[in-house]
Amino acid sequence: MSDSAIFRFNFSVDDDDEMSDDADHTESTNVSFHPSIITTTFHSSMNNSSLSSEDTLPFEIVNIPKLEDINYLKQFSIEWRGLMKYINITTKLQHEQHISQTTNSDIVKNKYEGGFKLWECSEDLVEFLMNDSKFVNDNVKNRNVLELGCGHALPSIYCLLQGGAKKCAFQDYNKEVIQLLTIPNLLLNISQHEIISTTLDKCQFFSGDWSKMSEHSIIQKDYDLIMMSDTIYSVDSYDKLYRVIRSAIRPGGKLLVGAKSYYFGCGGSTQQFINFVKQKDPHVQIETLKDIRDGVSNVREILLFTFE
């Protein structure tokens, strides 16, 4: 990733911890968060033995905490990928027995959908947004934005803090991901502590399964731009994913998708998703905005869907 595409978090890291550009950055740096740290009680849906393999998590509106109650962890583990630093929360939470060993897998059906992992395609979307000011001006500025399967939520955080979005909604399958990763990640990117409250006033946080979300009145036709990264890996999820997109998007709205061309072992692909959407809506306009062949993984794409 080039210097122009670096998404920097607002931390103060000791000089000794800075690493050279060509190093393989695998070491962690513990960085203190804002003052007034508190402890939160954690009830993990990922460990809910009452859920069968066919049950899905209910849709929830995750309440925005009071400002003085929002700092969940005393320290975050900050890691580097190339020139980009990001929160690696999984190791710390496992150590403190907040999440089970099931998160050693990227996905556990109906329990965990990989929300604590930083997915490659979310980085691709951030880089795209940072380098295409016209797209941001036309589709983000003064618009309502929703990120599905947000996890670290880097694309929507960029839209909110740098792109001038009017409102941003963040959704992930697990409530714990929203509470322990998405919200702290947002706060860590706010450079001025005094504007946290006004920034949070522009935010909505949701958790739960897409099938339940699509039926909720709070999202109906409310968003101009919907974004998602690495969410199309399973063909079985396409129907409920499409339903929540169509429920949430306004007429003329756009869907920005970062995805791998093919998900080996999972069955999903960009072409299968395109075909599925075309079958549901023959009038949808679809563009491939970027084709990424960097040798890091299989081919990745950024797609734009425009709905009537």
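**Entry 1: the chain as a whole**

How many helices and strands does the protein chain have? I counted nine helices and eleven strands, taking both as DSSP runs numbered from the N terminus, with H or I over at least four residues for a helix and E over at least two for a strand. I note that this is a predicted model, in which local features need pLDDT of at least 70 and side-chain atom pairs count only at pLDDT 80 or more, while totals for chains, interfaces and linings use all residues. Residues are numbered from 1 along each chain as its sequence is written, and side-chain values use heavy atoms, with hydrogens and water left out.

I then looked up the totals, and found that buried residues make up 55% of the 308 residues in the protein chain, where buried means under 20% relative accessible area, exposed means over 50%, and partly exposed is in between (1.4 Å probe, protein chains only). The accessible surface of the protein chain comes to about 14,100 Å², with 44% of it belonging to carbon and sulfur atoms; these areas come from the Shrake-Rupley method with a 1.4 Å probe, and for residues only the protein chains shown count as cover. Of the contacts (heavy atoms within 4.5 Å) with a separation of 6 or more, 74% are between residues 24 or more positions apart.

**Entry 2: the sheet**

In which order do the eight strands of the open sheet lie? I read the order as S2-S7-S6-S5-S8-S9-S11-S10, with mixed pairing, two strands being paired if DSSP finds at least two bridges between them. The edge strands, each pairing on one side only, are S2 (60-61) and S10 (285-292).

I followed the pairing from the S2 edge inwards. S2 and S7 run antiparallel and are joined by two bridges, with Glu60 standing opposite Ser207 in S7. S6 and S7 run parallel and are joined by five bridges, and here Phe170 has Phe205 of S7 as its bridge partner. S5 (residues 144-148) and S6 (residues 167-172) pair in the parallel sense over four bridges, and the partner of Asn144 in S6 is Lys167.

I also checked whether S7 is buried or exposed. Five of its five residues are buried, so S7 is largely enclosed by the rest of the structure; Cys203, Phe205 and Ser207 point one way from the strand, Gln204 and Phe206 point the other way, and all are buried.

**Entry 3: helices on the sheet**

Helix H4 (residues 154-161) lies across S5, S6, S7 (203-207) and S8 (223-229), and runs at about 170° to S6; axes here are lines fitted to C-alpha atoms, for helices over the stretch in contact, with angles from 0 to 180 degrees between N-to-C directions. Helix H9 (residues 270-280) packs on the sheet too, where I found it touching S8, S9 (249-260), S10 and S11 (300-306), its direction making about 10° with that of S11.

Which residues of H9 are buried? They are Thr270, Phe273, Ile274, Phe276 and Val277. These residues cover an arc of only 160° around the axis, which puts them on the same side of H9, the arc being that of the directions from the helix axis to the C-beta atoms. Their cover includes S8, helix H8 (238-248), S9, S10 and S11.

**Entry 4: aromatic pairs**

I found nine aromatic pairs in the structure, where rings of Phe, Tyr and Trp (its six-membered ring) pair if their centres lie within 6.5 Å, and planes under 30 degrees apart count as stacked, over 60 as edge-to-face and the rest as tilted. The rings of Tyr242 and Phe276 have their centres 6.2 Å apart and their planes at 75°, so this pair is edge-to-face. The pair links distant parts of the chain, with Tyr242 in H8 and Phe276 in H9, 34 residues apart, and both residues are buried. Tyr262 and Phe264 also form an edge-to-face pair, at 4.9 Å centre to centre and 70° between the planes, but here Tyr262 counts as partly exposed at 36% relative accessibility and Phe264 is exposed at 64%. One aromatic cluster is formed by Tyr238, Tyr242, Phe273, Phe276 and Phe305.

**Entry 5: two single residues**

Ile249 is found in strand S9 and is buried, with a relative accessible area of 1%. Leaving aside neighbours within four places in sequence, I listed its contacts as Lys221, Tyr223, Ile226, Lys254, Leu255 and Phe307; the C-alpha atoms of Ile249 and Ile226, 23 residues apart along the chain, are separated by 7.1 Å.

Ser122, in helix H2 (residues 120-131), is buried with a relative accessible area of 7%, and beyond its neighbours within four places in sequence it is in contact with Pro155 and Ser229.
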